[in-house]
Amino acid sequence: MTWIYYDSKTGNVERFVNRLKEHRNWNIQKIDDSLQLIHPGHLITYTTGIGEVPASTLRFLEVNSSFIETVTSSGNRNWGANFAVAATKISQEFKLPVLMQFELSGTMTDLQKFIDNIEGNIYGN
Ligand SMILES: Cc1cc2nc3c(=O)[nH]c(=O)nc-3n(C[C@H](O)[C@H](O)[C@H](O)COP(=O)(O)O)c2cc1C
């Protein structure tokens, strides 16, 4: 069984996972401060500040990073070099592979790539 954990503030990542739900019967759970994982899974979050990881995501990772297999982040290309860097920063700090980065709530192509990468185990390099 595939587990997806996500963080979302303004709804873009939530829209992405809602479309994912229409395509795959995966377990999808929004993170919160009380969540302690028992199932390994994939994290999707967003980028905030000036190229920063949301504090809520960091709190989640401090408790649960050993259960996280890959990280994906949303961003906005208006932020230039800081586009979707939350995943890059998490990857470095917690030694996790980046699955992908997408803009806002993602396109159909992004969604398909996300599914293909997970189903094909295309990450970790
Ligand atoms: C205050 C603020 C700061 C942001 N900073 C960045 C940034 O540094 N890099 C980036 O790519 N996107 C940045 N964004 C865009 C968000 O990452 C993007 O809109 C994302 O899709 C939000 O996900 P959510 O709607 O699930 O919360 C920022 C958005 C806000 C509101």
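Helix 1 contributes the largest share of the shell around the ligand, 3 residues, in this predicted model. The shell comprises 21 residues in total. S8, N12, Y46, G75 and W79 are the closest to the ligand. Two elements give two or more residues to the shell: helix 1 (12–23) and strand 4 (68–75). By residue class, the shell divides into 12 polar, 7 nonpolar and 2 charged residues.

The largest nonpolar core holds 25 residues. Within this core, Y6, V13, V17, I44, V71, A86 and I90 touch the most other members. At least two core residues come from each of strand 1 (3–6), strand 3 (41–46), strand 4 and strand 5 (98–103). The same holds for helix 1, helix 2 (55–64), helix 3 (85–94) and helix 4 (108–119). Helix 1 and strand 4 thus appear both among the elements supplying the core and among those giving two or more residues to the ligand shell. In soluble globular proteins, nonpolar side chains tend to be buried together.

I44 illustrates the contacts of one such core residue. With residues up to four places away in sequence left out, I44 touches I4, Y6, V13, F16, V17 and T72. Of these partners, Y6, V13 and V17 are also listed with I44 among the core members that touch the most others.

L58 lies in helix 2. L58 is classed as partly exposed because 18 other C-beta atoms lie within 10 Å, whereas burial requires 20 or more. L58 and I90 are 32 residues apart along the chain, and their C-alpha atoms are separated by 8.4 Å. I90 itself belongs to the largest nonpolar core.

Note on methods: Residues numbered from 1 in each chain as written. Predicted model: local features only at pLDDT ≥ 70, side-chain atom pairs only at ≥ 80, totals over all residues. Near = placed C-beta within 6 Å. Helix = DSSP H or I, 4+ residues; strand = E, 2+ residues; numbered from the N terminus. Nonpolar A, V, L, I, M, F, W, Y, C, P; charged D, E, K, R; others polar. Core = buried A, V, L, I, M, F, W, Y, C linked by C-beta atoms within 7 Å. Buried ≥ 20, exposed ≤ 12 C-beta atoms within 10 Å, placed from the backbone. Contact = placed C-beta atoms within 7 Å.
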